[in-house]
Every structure is written in structure tokens, then in C-alpha cells.
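Hi,

Here is the structure I said I would pass on. Have a look at it first, and my notes follow underneath.

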Amino acid sequence: MGSTSVNRRDVMKRAAAASLLAVPAVGALSSCASGGGEENKAEKGKKSKKNPLGVKEDAALAVYIFNGGYGDKYAQFVTDMYADKYPKADANQKATEKIATQVQPKIVRGKPTADVVNNSGADQMNPGKLVHNKQVADLSEVLNAPSWDDPDVTVRETLVPVVEQMGRFGGKECYQLNIALTVYGNWHSKKLLEDGLDSSYPKTWDEMLAVCKKAKAKGIHGWSYPGGHPRYMFFSMYAMFAQRGGREVIEAMDYLEPNAWKHDAVKDVFEAWEELVAKKYVLTGFDGQEAHTEMQTAWTKEGKCLFVPNGSWVENEAKDTTPKDFRMTVGATPSLDSGDKMPFGTLYAPAGEPFIVPAKAKNRQGGLEWLRMMYSKEAARNLFEEIGSMPVVKGAIDGLELPSGAASAQAAIKAAGENVVIPQFMDWYNELFREDFNNMIHKFMQGQIGTKQAMDTMQKASERILKDPDVTKVKKA
């Protein structure tokens with residue numbers, strides 16, 4: 001999809017969520033506060049059992065959805081639900097690839113035209129800035145509200161806990177709600193791996209190198225990645241950092257700690273990939289804006305590579321080029337050796353596809369109600385049927401026959417248990433890190449730089465952000 005890491009894409013992870021995030025004590029990045037001028041006058045109705053959020057029944061609703069690999073049909077389903085419940089309201093939905101360009105200027109001026117926003121994609125608004133400047137609403141009101149399906153159960157109780165935790169930027173407030181569980185890892189064709197190469201999934205790095213060697217002998221690259229969006233490599237590397245050195249390695253990166261990128265675990269992981277690159281197991285290229293779809297086509301339709309770094313949205317995004325017998329599967333990152341601190345199966349699996357409600361939205365209550373509907377089992381199941389990603393609503397897809405990729409993602413989450421890691425620095429300091437990371441990892445995967453240069457680049461970027469007086473840092477609680 002080529003989205004931000006925050007993003008992007010996203011069931012059933014019970015106890016893991018409680019220990020996944022260290023809740024920050026301060027909001028993320030700073031910028032200019034909301035401008036002056038006449039503000040929107042909020043539309044509010046009377047609260048009741050049928051209308052727990054106090055929606056004004058004839059107030060217009062404006063929904064903005066990121067038009068990426070997920071499209072916007074899944075969201076239109078909810079907008080139609082809203083129109084059915086509030087027939088006097090003009091419920092309007094717009095799909096765009098330019099979320100920040102179209103939405104943020106009006107939010108900054110204090111006169112947003114959007115009431116609920118799917119803040120995703122390459123043109124995503126930085127959520128930390130919005131929180132810091134008090135430009136987004138606290139969504140706790142949604143979480144505390146009766147759920148759509150059962151008035152005796154709150155919305156919060158219907159969701160996997162990581163959803164609320166990932167929406168916190170300080171204190172107990174929740175400013176962002178995600179809708180899908182994204183499983184990142186090493187995506188591959190089980191048919192090619194098992195039938196074509198007579199191999200099982202590599203659980204160690206030595207096994208990974210051996211499988212890649214076998215693939216090369218048959219004219220197949222072991223790996224590829226989208227050169228135009230090289231940050232995809234992060235989808236496979238982040239869990240490896242934690243797997244090798246423990247959660248503290250990731251936390252050090254998140255909180256810009258001294259020498260976070262010089263940790264021995266980081267060095268070991270880069271050196272492992274450097275060996276894979278040196279053996280010419282990587283199919284390079286795909287350097288344009290559509291790099292991700294070009295790479296996926298080479299992987300699915302043309303069979304030019306075995307593994308790609310990706311998220312669980314890929315099954316839906318690549319469905320038109322995927323052979324029926326492909327058996328798309330996600331694998332956790334292999335262990336380097338017995339010195340790893342976390343076991344094989346450690347997974348990078350955050351809740352993804354974030355939504356916000358502007359603090360000064362004209363129909364703020366309507367935006368909150370739209371989210372309450374999004375978390376209904378009906379809408380959650382439709383989400384899965386439309387895009388193939390696992391919803392964060394507990395039990396929403398129980399009993400369904402899952403396609404190969406979704407089934408493997410669900411199995412990976414179950415196998416990981418509490419060994420799920422959720423990096424945050426690329427969300428908290430997205431635009432400050434992105435160019436450094438993209439340039440570094442692209443050169444690294446092409447063999448133009450080695451481990452030391454890669455680590456130096458990222459450490460310098462971390463230090464630059466830490467020293468910048470204009471950036472409000474996220475602190476440990």
C-alpha cells in the first residue's frame with residue numbers, strides 16, 4: 001500500500017496488549033497552535049438510550065477516508081448505516097489520497113469541514129502534532145459509550161485492548177482509534193516454498209540463507225522490497241531488533257535514548273541482512289511511486305521472489321495478481337541464534353488504520369457516533385469481507401472461513417501470545433525520521449552501504465531530533 005508505518009493496516013490478541021506499550025507522559029511533536037477566527041459551532045442533540053452520544057439527528061456528517069489499498073467501500077458501509085439511523089442528516093463521504101493536504105489546513109484554522117477522518121497514507125497528518133495542539137477530540141466518550149450490539153457492554157469492552165493503548169499520547173485520554181489488526185512479517189507463497197523448493201519455513205537465519213540459496217539455484221530471488229518505499233524493510237526488521245535484544249532495544253529507539261541504534265542487537269540484525277544482500281539474494285528495482293504494487297506483482301504473478309516484507313493488507317491489495325493456489329502466508333522473523341532474548345514467533349502486530357475526530361468538528365457527536373457504528377460486529381465483519389484485514393472487534397469474524405493470508409496472520413498472532421512488539425518512534429516523529437530511514441535502508445539493501453553506516457545514519461537522525469528544541473519529546477511515564 002505504500003502508507004506510513006502508523007499506520008497502515010491492520011484478531012484476536014487477548015493478554016498481549018496489556019504489556020505492549022509504555023504509555024507516554026507527554027504529547028508528541030509540536031507545531032503552530034490552532035489559528036484564531038470564528039470557530040465552528042458544534043451541533044448537539046439530546047442524549048437518550050437510543051442516542052447515547054447525543055447526536056443532532058439532522059446535522060450533516062462529513063467523513064474523509066484515505067483512498068489506499070483498502071479503498072473506501074468498507075467505510076461507506078458505515079456511512080450508510082449512519083444515513084439509515086439519521087435519515088434527516090446529509091451523510092457525505094469523500095475518498096482522497098491527500099488527507100493532510102485537504103483536511104489539516106482547516107483543522108489548524110479551527111474550522112474543520114471533516115467530522116471523522118481516516119488519518120492514513122503517505123500524506124497522513126502527524127497525530128502527535130494534532131494532539132499537542134489540542135486539535136483532536138478525546139475519543140474516550142466513544143469507548144465509554146454502550147456498544148452498538150449490546151447496550152450493557154461498552155465499546156471499550158468489545159475491542160482488543162491495544163486499540164485504546166495505541167491511541168494514547170499522554171495521560172488517560174485516547175485521541176486516535178484504529179480499526180484493523182495489521183500483522184507484519186515475511187510474506188510468501190507456501191506453495192512455492194513447500195512444493196517448489198521442498199522447504200519448510202525458516203525459523204533461524206541460517207535456515208533463511210539456505211532457503212534463499214536453494215531459490216537462487218532455481219533462478220528465484222529469496223527476497224525483494226519496493227525501492228520506491230524502502231521503509232517496507234522495517235516491517236521485517238523491527239521485530240528482529242526486539243527478538244535479538246529484548247523490548248528494551250525498541251524502547252530505546254522510541255525514547256531517543258543515547259546510542260539506541262548502536263546496540264549490539266541492532267548490529268547483529270543489520271549484519272545478518274548484510275550477508276543476505278552480499279549473496280545477491282535480493283531482487284532490487286521497483287523505484288517509482290507504485291513500487292509496492294510492482295514488487296507485489298513480481299512476487300505473486302511472476303514468481304520472481306520468495307519473501308517480501310509486508311503487512312496483512314497485502315492479501316487484499318494483491319488479490320488481482322495472486323494465483324488461486326498461491327497460498328499466501330506470513331511468517332515471523334527467524335531467530336538469529338540461541339542468544340536471542342525473545343523467541344521465534346515474536347511479532348510486529350499493531351492495530352492499524354487510524355481514525356480521529358477534529359476537536360472543533362461541527363458535527364463532533366456525529367463523528368463519534370460513526371466510530372461507534374464502525375465497531376459494531378456487522379461493520380467489523382464487513383471490513384474483513386471487503387479488505388481481508390482482521391478487525392479489532394472481538395469475535396467479529398468467528399466462524400468465517402478465512403483466506404490463506406488472513407488465516408496465517410491469525411495463527412501468527414495466536415502463536416506470538418505476549419511476544420508482540422509495537423514500535424512507536426516512526427509514529428511519534430514520522431516526518432523527522434522518514435527521509436533518513438528511507439535513504440539508509442534503500443542504500444543498505446542495494447549493498448551501497450554496510451552495517452556501520454546504517455547504524456550511524458539512524459543514530460545521527462535520532463540525536464538530531466533529540467537536540468531539536470522545537471520538538472516536544474515523548475517521555476516515559
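I started with a pair of helices towards the end of the numbering. Helix 18 (residues 430–445) and helix 19 (residues 451–467) have axes that come within 10 Å and cross at roughly 175°. An angle over 145 degrees counts as roughly antiparallel, so helix 18 is roughly antiparallel to helix 19. On the helix 18 side the contact includes Phe-433, Phe-437 and Phe-444, and on the helix 19 side it includes Met-458, Ala-461 and Ile-465. Sorted by class, this contact has nine nonpolar, three polar and two charged residues.

Keep in mind that this is a predicted model.

Now compare another pair. The axes of helix 9 (residues 234–245) and helix 10 (residues 247–254) come within 6 Å and cross at roughly 125°, which makes helix 9 oblique to helix 10. Here Tyr-238, Phe-241, Ala-242 and Gly-245 of helix 9 meet a set of helix 10 residues, among them Arg-247, Ile-250 and Met-253. The contact of helix 9 with helix 10 splits into six nonpolar, one polar and three charged residues.

Then there is the sheet. It is open, with six strands in the order 2-1-3-11-4-12 and mixed pairing. Strand 2 (91–96) and strand 12 (390–391) are the edges, each pairing on one side only. Further in, strand 1 (residues 61–66) runs parallel to strand 3 (residues 116–118), and the two pair over two bridges; Val-63 has Val-116 of strand 3 as its bridge partner. Helix 14 (residues 364–374) packs on the sheet and touches strands 1, 3, 4 and 11, with its direction at about 55° to that of strand 1.

Cheers

Notes. Residues are numbered from 1 along each chain as its sequence is written. This is a predicted model: local features need pLDDT of at least 70, side-chain atom pairs count only at pLDDT 80 or more; totals for chains, interfaces and linings use all residues. Side-chain values use heavy atoms; hydrogens and water are left out. Two strands pair if DSSP finds at least two bridges between them. Helices (H or I, at least four residues) and strands (E, at least two) are DSSP runs, numbered from the N terminus. Contact means heavy atoms within 4.5 Å. Axes are lines fitted to C-alpha atoms, for helices over the stretch in contact, and angles run from 0 to 180 degrees between N-to-C directions. Angles under 35 degrees count as roughly parallel, over 145 as roughly antiparallel, 65 to 115 as roughly perpendicular and the rest as oblique. Ala, Val, Leu, Ile, Met, Phe, Trp, Tyr, Cys and Pro count as nonpolar, Asp, Glu, Lys and Arg as charged, and the others, Gly among them, as polar.
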